[in-house]
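Here are some worked exercises to try with the viewer open. Have a go at each task before reading on.

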Amino acid sequence: MEHNSKETPVLIGYEGQLDSQRWMLCTPLILGRDASCDISIPNRQVSRRHSQISPSAEGVILEDLRSKNGTHRNGKPISGPVLLADGDIIHIALAQKFIFLRADATLPLDLDESEPPAVQTGRLRLDKRSRRVWIGDQEAVPPLSVSQFRLLEILYRHNGLVVPRSELMAAVWGEEDAMGISEQALDALVRRLRDRLASIEPGHSYVITVRGHGLRLDNPPA
């Protein structure tokens, strides 16, 4: 049975031996050191059958399988089944990180894999497929939300150019849904994105408002 990636949650390896590998969460997956696991993590800190991630009617559930060194979500150990939220970081025994992206996080998943990455020489860099963002050598952790990343990505692709507000809203919410989105919703999203970027580099404003026209990205040289 085929699954549409736009409708299926995804797990992406992050900072570890499985960096940048991805798994579509169509069925329950066992994570562990044993080679028979659906996601095998060859590290002695990882239990043979360490944890399980399972799609359900409520969403995607993460559960620790009585592992020796524990399973963490966003830096905190879990003691029972937990419902994952978009952008959650899963840490398996402090040996391998994963990023969970929910079903509507289509931006990194609907790209042509043959598309070359945008050439940028600025301090701010992003990876569209894994939805990771860096300023200099520091990465945005936890990852940006889906809407924050979509906003930043379109500004990144038009680096230095003013992008009209209507185009930004269509990129973030989709052309049809954007018709019902208020200007205040975009303003609130811009504030949250600025706050996230400022938490990494407080001395520079990357997202610039050009009154009466739109927004542009001010990405200084690396």
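**Exercise 1. Place Asn 74 and describe its backbone.**

Start with the location: Asn 74 sits in the loop between strand S7 (71-73) and strand S8 (76-77). Keep in mind that this is a predicted model.

Next, check the backbone. Asn 74 isn't a glycine, yet its phi is positive, about 50°.

Then look at accessibility. Asn 74 has a relative accessible area of 40%; buried needs a value under 20% and exposed one over 50%, so Asn 74 is partly exposed.

Finally, follow the side chain: it makes a polar contact with the side chain of Asp 88, at 2.9 Å.

**Exercise 2. Work out the surroundings of Asp 88, the partner from the last step.**

Asp 88 belongs to the loop between S9 and strand S10 (89-92). Is Asp 88 buried or exposed? Its relative accessible area is 7%, and the cut-off for buried is under 20%, so Asp 88 is buried.

Now list the neighbours, skipping anything up to four places away in sequence: Asp 88 touches Arg 73, Asn 74, Leu 83, Phe 98, Ile 99 and Phe 100.

**Exercise 3. Pick Leu 83 from that list and see what else it touches.**

Leu 83 lies in strand S9. With a relative accessible area of 42%, Leu 83 is partly exposed.

Leaving out residues up to four places away in sequence, its contacts are Glu 58, Gly 59, Val 60, Ile 61, Arg 73 and Asp 88. For a distance check, take Ser 56: Leu 83 and Ser 56 are 27 residues apart in sequence, and their C-alpha atoms are 9.5 Å apart.

**Exercise 4. Find the order of the sheet that includes S9.**

Five strands are involved: the 5 strands run in the order S4-S3-S5-S6-S9, in an open sheet with mixed pairing. Which strands are at the edges? Strand S4 (39-40) and strand S9 (82-83), each of which pairs on one side only.

At the S4 end, strand S3 (residues 29-32) pairs with S4 in the parallel sense over 2 bridges. One bridge to look up puts Leu 31 with Ile 39 in S4.

**Exercise 5. Decide how enclosed strand S1 is, and find its partners.**

Count buried residues: 5 of the 5 residues of strand S1 (residues 10-14) are buried, so S1 is largely enclosed by the rest of the structure.

Now sort the side chains. In a regular strand, they alternate between the two faces of the sheet. In S1, Val 10, Ile 12 and Tyr 14 point one way, while Leu 11 and Gly 13 point the other way.

Then do the pairing:

- S1 runs antiparallel to strand S2 (residues 22-24), with 3 bridges joining them. Here Ile 12 stands opposite Arg 22 in S2.
- S1 also runs antiparallel to strand S11 (residues 96-101), joined by 5 bridges. Here Tyr 14 has Lys 97 as its bridge partner in S11.

Just before moving on, check the loop between S10 and S11, where Ala 93 is found. Its phi is positive, near 55°, though the residue is other than glycine. Ala 93 has a relative accessible area of 2%, which means it is buried.

**Exercise 6. Characterise the packing of helices H2 and H4.**

Get the geometry: helix H2 (residues 165-173) and helix H4 (residues 183-200) pack at an angle of about 75°, with axes 11 Å apart. That makes H2 roughly perpendicular to H4.

Which residues meet? From H2 come Arg 165, Met 169, Val 172 and Trp 173, and from H4 come Glu 183, Ala 185, Leu 186, Asp 187 and Leu 189. Sorted by class, this contact has 6 nonpolar, no polar and 3 charged residues.

**Exercise 7. Trace the pairings of strand S17.**

Take strand S16 (residues 207-210): 4 bridges join S16 to S17, and the two run antiparallel. Val 207 stands opposite Leu 217 in S17. The two strands form a hairpin with 3 residues between them, and Gly 212 in the turn has a positive phi of about 85°.

The other pairing to trace is with strand S15 (residues 163-164), antiparallel to strand S17 (residues 214-217) over 2 bridges. Pro 164 has Gly 214 as its bridge partner in S17.

**Exercise 8. Sum up the whole chain.**

The protein has 4 helices and 17 strands. Of its 222 residues, 46% count as buried. Among contacts between residues at least 6 apart in sequence, 45% join residues at least 24 apart.

Key: Residues numbered from 1 in each chain as written. Predicted model: local features only at pLDDT ≥ 70, side-chain atom pairs only at ≥ 80, totals over all residues. Heavy atoms only, no water. Pairing = 2+ DSSP bridges. Axes fitted to C-alpha atoms, helices over the stretch in contact; angles between N-to-C directions. Parallel < 35°, antiparallel > 145°, perpendicular 65-115°, else oblique. Contact = heavy atoms within 4.5 Å. Nonpolar A, V, L, I, M, F, W, Y, C, P; charged D, E, K, R; others polar. Buried < 20%, exposed > 50% of the residue type's maximum accessible area, 1.4 Å probe, protein only. Polar contact = N/O pair within 3.5 Å; in protein donor to acceptor, adjacent residues only side chain to side chain.
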